[in-house]
Amino acid sequence: MSIIHDALKKVEKEGVYQEPQSPKTAQPAPPSPVTGKKRGGFSLHIPSLSLRKNLLGVDIGSSSIKLVHLACSGGACRLKDVGYVKLPYGAGESGAAKALKTLLSVHGIGRSRVSSSIRNKSLTFSHIKLPKMPKDDLTEAVRWEVKKGIDFPEDAIIDYVVIDELMEEGKTKLSIMTFAVRKEEVMGHVGMLKEASLIPDVIDVGPMALLSAFDYNYGWEKDKRYAVLDIGASKATLSIISNGSLRFARYIPLAGDDITRIIQDAEGTDFQAAEDKKLRYAGVNDAPEVVRTAVKSFKEGISIEVRRSFTYYQAHLREGWVDSLLLSGGSANIKGLAENIGSAVGVKTAIYDSMKRVEVKRALPRGADITPLSPIFVEAFGLALRREGE
Ligand SMILES: Nc1ncnc2c1ncn2[C@@H]1O[C@H](COP(=O)(O)OP(=O)(O)OP(=O)(O)O)[C@@H](O)[C@H]1O
Ligand SMILES: [Mg+2]
């Protein structure tokens, strides 16, 4: 299941939104059976003998675009192509659309079926508990609850995943994670992909892609709780996963741009000069005072937020503490960040290697090293595991 994609299909079917269909545009495939739910054997990745091709994974972030193309068969994947382009600060939709076209053309990618995650201006996650009830009633009840908490109730695509069943005050309740996003944002994203001659097959949310990537690269130990913290430029996304399911997701409003802005304010320079300074010094020991101060305050702030989220998760879902944490996204590369967060929350923490189990050699020029970019590609990698028509 692709959360947003399924919800979007429902919206189209109900006729709430009818997207004009171009005769040249292929119809999106039926919803995929791959879900965030537990499958037998704790694996989402089903080794397949099918000859269906993998979709092109497209992650359009606020500061960069990432492309990953895989060829998977018999449960193993080979990297066919990987692409990355930085966006100018404040590029907006039109800047991103232009950069996407350029990146595709540099890689010689024409009309292709893609799997892409939505840019999240309005995407919200929430966790609610409701009494157990029949599915149709539950869907209505979830919509009702979610609409109360968002400022775009009439314009929302809403979907949910039931995480657990639990007993409270003698009643069976369902613990539910909900997703809501503005319809027009999803349509805008789909439009941007089509405009670049791509065929959007799957539109999903970041945490589901992180879950698939984890499933392929790391695999599960029964009942262990893993957290993935994706720290990009504009936001961080914390996902907690266990036994093949997404259990919790939350945005943390702290990311790489916040460090840059502190440097910018202190130095009175423009954003790009501050960003360059951050990137030059964030990885060295003898960084100037201004960079050290900005990085230190970021590390402290994000550690507090992660601890708070783990505490909430533990109390709300009545689960144990998280067992291990992986950091992805560009800001995961900040020197010492994994160690700092790890010791602040008391959890073994490492940088996420998106290409851990992937054969990469043939896709890269001889001697090229993809290691520093590996955490940046996690979301695109998870998206690229999807196959045509699945
Ligand atoms: N080596 C590094 N050290 C410190 N920060 C880094 C490093 N490399 C990249 N970054 C930071 O990572 C961020 C970009 O990461 P990424 O490409 O994952 O973000 P994005 O996906 O575009 O953003 P978002 O997910 O928030 O929309 C920028 O803030 C950049 O400065
Ligand atoms: Mg990102």
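Two residues are taken to be in contact if their C-beta atoms, placed from the backbone, lie within 7 Å. Axes are lines fitted to C-alpha atoms, for helices over the stretch in contact, and angles run from 0 to 180 degrees between N-to-C directions. Helices (H or I, at least four residues) and strands (E, at least two) are DSSP runs, numbered from the N terminus. The model is predicted: local features need pLDDT of at least 70, side-chain atom pairs count only at pLDDT 80 or more, and totals for chains, interfaces and linings use all residues. Residues are numbered from 1 along each chain as its sequence is written, while chains are lettered from A and ligands numbered from 1 in the order in which they are written.

Helix H2 (residues 92-106) lies across three strands, namely E1 (56-60), E2 (64-73) and E3 (76-86). H2 runs at about 40° to E2. These three strands belong to an open sheet of six, ordered E8-E4-E1-E2-E3-E14, with mixed pairing. Strand E8 (198-204) and strand E14 (358-359) stand at the edges with a single partner strand each, so one side of each is left without a neighbour in the sheet. Two strands count as paired if DSSP finds at least two bridges between them. Strands of a sheet pair through backbone hydrogen bonds, either parallel or antiparallel.

At one edge, E8 pairs with strand E4 (residues 112-117) in the parallel sense over six bridges. Here Arg 113 has Ile 199 of E8 as its bridge partner. E2 and E3 are antiparallel and share ten bridges. Cys 72 is bridged to Cys 77 in E3. The two strands form a hairpin with two residues between them. Gly 74, in the turn, has a positive phi of about 60°. E3 also pairs with E14, in the parallel sense, over two bridges. In that pairing Cys 77 stands opposite Val 358.

A second open sheet has three strands in the order E5-E7-E6, with antiparallel pairing. Its edge strands are E5 (124-131) and E6 (156-168), each pairing on one side only. Neighbouring strands of this sheet are turned by 20° against each other on average, direction ignored. Eight bridges join E5 to E7 (residues 171-182). Leu 130 has Leu 174 of E7 as its bridge partner. Helix H4 (residues 183-195) lies across E6 and E7 and runs at about 55° to E7.

Helices H6 and H8 (residues 289-316) pack at an angle of about 145°, with their axes 9 Å apart. Their crossing is right-handed (the near helix is turned clockwise from the far one by less than a right angle; anticlockwise would be left-handed). On the H6 side, Asp 258, Ile 259, Ile 262, Ile 263, Ala 266 and Glu 267 take part. They meet Val 290, Val 291, Ala 294, Val 295, Ser 297 and Phe 298 of H8. By class, this contact has nine nonpolar, one polar and two charged residues. Ala, Val, Leu, Ile, Met, Phe, Trp, Tyr, Cys and Pro count as nonpolar, Asp, Glu, Lys and Arg as charged, and the others, Gly among them, as polar.

Around ligand 1 there are 22 residues, of which Gly 61, Ser 62, Gly 232, Gly 256 and Gly 330 come nearest (near: C-beta atom, placed from the backbone, within 6 Å). H6 (256-267) and H7 (271-281) are the elements that give two or more residues to this shell. H7 contributes the largest share, three residues. The shell comprises six nonpolar, twelve polar and four charged residues.
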